[in-house]
Amino acid sequence: MSDPIPRSWLDPALPVEQRIAQLLAVMTVQEKVDQLHQTANLDADRDRDLIGAGGVGSSLFASGATAGNERDTGVRAAAVNACQRVAVEQSRLGIPVLFGRDVIHGHRTVFPIPLGLAAGWDESLAERCMAVAAREAAQDGIAWTFAPMMDISEEPRWGRVAESLGEQPVLAGRLAAAMSRGFQGPSQGLANGSIAACAKHFVGYGLAAGGRDYNTVGVGENTLRNTHLRPFKEAVDAGCLTVMAAFNDVDGTPMHAHRHLLRDVLKGEWGFDGVVVADWNGISQLIEQGVAADLRDAARLALDAGVDLDMVSGAYTAHLADLVASDESDMSLLDDAARRVLRVKFRLGLFENPYTASGTTDTPPGAENRALAAEAAAGSMVLLKNDGLLPLAADPGRVHLTGPFVHDGEALLGTWVLDGKDEEVVTPAAAFTARLGAEALVVTDGRFSDVAIAEVRRTDLTVAVMGEHPCRSGEDRCISTLELPAGQLAVLEQLAALGKPLVVVVMTGRPLELGRVLEIADAVVLAWHPGTEAGTALVDVLFGDREPGGRLPMTFPRSVGHIPTSTLQRPTGRPITLEQESRAGRYLDAPVFSALPFGFGLTYSAFRYGAAVSSSTVLPRAGGMIELTVAVTNTGRRAASETVQLYFRDPVAAVTRPVVELLDWQRVSLAPGASADVTFSVTAEAFGYFDGGMQRRVDTGLIELVVGPHSAAGQRLQITID
């Protein structure tokens, strides 16, 4: 087609903002609107006229299922290139399309679910895993992922905790920043194997009432600022290119219409210059949420609030041009939204590299990627109990491996896996067979509990791989009980009753009620949903080739009736202590404190903490720093690593603050008998918070510090901010 417009914006030597300005200057109102329109599963043959007219700015390859559990292994690189040829070569302005996909915890190589990665408490590991995911996705034509998810929640009934990074803002924020860096790389751009990250869901989604997805949220701005907004600020500061609005309302205002939080706080106060994208059909849902009369009204509200990109509802492309023409929407807001979308495309290098050059997208995970997947899976596994049975001896005798997960590769991948292949997963059965040989192993898959029970008598120990299938984990996969799936506990009771050693491995996407399991098993390993190298990592951990490196990123409550119980709890006017619990608990029929505290996790060794020493008891409020040092000694017989955790409490503040807050952590690896000093550097700014007037402040006065192995144990010392 003829093109009388000099495309000066294609000059990569020009600054990005200048290129954007030159492009905006020649765009019509409708062309600007079209950049804000996202479709699902764009097809060059079916949608040729739409693409050729420049009528779509982005598209996502959707699974066709809201839960994201269905596998879609179709080749996309060729489809992307076909669409881009139409967009770049046939449309008036030649603007490439931005293609996205849910690359949540891996692409072809699948890593542990995000909650499992969070259990590793390892920023470097999370970053490396997402860098692999980005490279694989970029080869597949994907330029944008809708991750990381950093919604803070203390509600394990909510299925999406599997996608979260734990309940503590410091942990979730650092890991979200690391994952964003991993996706986007040290130098952004598809040519470098990087894709755009998306911080989601902004904000408060983890507070969905009753743990029911898409539900309403009743929360004040102070709680949002002091807890739920903090991980998003970390991701934005790390350069995350996009942010997704949440489905929920916040105290009556749906997030897709929340001008204060999206435009005033995110874009204004924080200076976020990337794209705010709607969640699936989120703009249209303003009608069902009762704040928009129709789709036109919803489009007006969303643009005004600061939603730049409309995911699949069609509200913008149908109504924004008319809204601007009638002065019901401000042209400056449309320009700002279009500028942001173009900015992401320029930053990704889409104008220079619109085509995918890989040639094939059907490449199994290579050895290097598999090694990283095994490292991540082992690092996520949490040892919850060990009566001396683990690690297993090199020759453990005849082993009985049982449970519903021993052969099921797909179930080990976890929720929101669209491109991993179950046949490429190393299952527990395959890994145990490779380790012990078929003659030393008896495998029962859990279909018949009586068969499993019978095998116990002719074997020396049982490894039972139990837990929940990903079908009840992830989006719109909420549950009303935290017990093991029906029948599993009964089988474990019978296995234990026979008196043979019993190791229970729990596969899960959420905290579960494990009290009885911890009582009857000799050892319990929490493995989450570990991904492609599930069996490899499990066998390595059980036999001691690798450490169970995980620590709990969420509190495990005693039962559903105990929710909420977490490190997010604030003090009441009548507090109780663990020592008082039996006589002053808040339940008549059960203890009140959690079953397994945040940060908990055993090792195959033992550690002794020396006296914590502060370099000073006074911390200057302006520009000061103190160092807190504790000597940690490995008193066991094996080399092992300890995750030393630092918590604090601010006993007197302008608003009520949590009883315990994570401040920092360090991992130290020690040989038997070895000691090391672990030193934390602490500034006064780390104790800052927002007061009732939403002003950030750092108070003078007393701060209580706690250093130890988890949130419910440690030694205390006090410092004073002056």
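## Close-up views of a predicted model

**View 1. Cysteines without disulfides.** The structure holds 0 disulfides, a disulfide being a pair of cysteine sulfur atoms within 2.5 Å. This is a predicted model, in which local features need pLDDT of at least 70 and side-chain atom pairs count only at pLDDT 80 or more, while totals for chains, interfaces and linings use all residues. Residues are numbered from 1 along each chain as its sequence is written, and side-chain values use heavy atoms, with hydrogens and water left out. Why does C129 form no bond with C240? The sulfur of C240 is the closest cysteine sulfur to that of C129, yet it lies 18 Å away, which is too far for a bond. C478 is likewise in no disulfide, the nearest cysteine sulfur being that of C471 at 13 Å. C129 is buried at 0% relative accessibility, whereas C478 is partly exposed at 29%. Here buried means under 20% relative accessible area, exposed means over 50%, and partly exposed lies in between (1.4 Å probe, protein chains only).

**View 2. An open sheet of 5 strands.** The strand order is β19-β27-β26-β21-β22, and the pairing is mixed. Strands are DSSP runs of E with at least two residues, and helices are runs of H or I with at least four; both are numbered from the N terminus. Two strands pair if DSSP finds at least two bridges between them. At the edges stand β19 (618–619) and β22 (661–670), each of which pairs on one side only. Strand β26 (residues 701–710) runs antiparallel to strand β27 (residues 713–721), and 8 bridges connect the two. Within this pair, H710 stands opposite A713 in β27.

**View 3. Salt bridges with an exposed aspartate.** A salt bridge is a side-chain nitrogen of Lys or Arg within 4 Å of a carboxyl oxygen of Asp or Glu, and by this rule the count comes to 43. One of them joins the side chains of D45 and R48, with an N to O distance of 3.7 Å. D45 is exposed, its relative accessible area being 63%, and R48 is partly exposed at 34%. Another salt bridge joins D387 and K385, also described by an N to O distance of 3.7 Å. Are the partners D387 and K385 buried or exposed? D387 is exposed at 55% relative accessibility, while K385 is buried at 15%.

**View 4. A buried salt bridge between R551 and E642.** The side chains of these residues, R551 and E642, meet at 3.8 Å, N to O. The pair links distant parts of the chain, 91 residues apart: R551 is in the loop between α21 (534–542) and α22 (581–584), and E642 is in strand β21 (residues 640–649). R551 has a relative accessibility of 1% and counts as buried; E642, at 6%, is buried as well. Elsewhere, R230, D650, R657 and E661 form one network through salt bridges that share partners.

**View 5. The surroundings of R546.** R546 is found in the loop between α21 and α22 and is partly exposed, with a relative accessible area of 29%. Which residues are in contact with R546, leaving aside its neighbours within four places in sequence? They are A371, A374, E375, A378, D540, V541 and Y604, where contact means heavy atoms within 4.5 Å. R546 and E375 are 171 residues apart along the chain, but their C-alpha atoms are separated by 8.4 Å. The side chain of R546 also makes a polar contact with the side chain of D540 at 3.1 Å. A polar contact is a pair of N or O atoms within 3.5 Å; within protein, one atom must be able to donate a hydrogen and the other to accept it, and residues adjacent in sequence count only if both atoms are side-chain atoms.

**View 6. The surroundings of S329.** S329 lies in the loop between α13 (315–325) and α14 (331–348). S329 is buried, with a relative accessible area of 8%. Beyond its neighbours within four places in sequence, S329 is in contact with R300, L303, L323 and V324.

**View 7. Nonpolar cores.** A nonpolar core is a set of buried Ala, Val, Leu, Ile, Met, Phe, Trp, Tyr and Cys residues joined through side-chain atoms within 4.5 Å. The largest has 163 residues, and F202 and L384 are those with the most contacts inside it. Not counting residues up to four places away in sequence, F202 touches several residues, including L229, F232, V243, M255 and W270. A second, separate core has 39 residues, among them V463, V503, V539 and F543.
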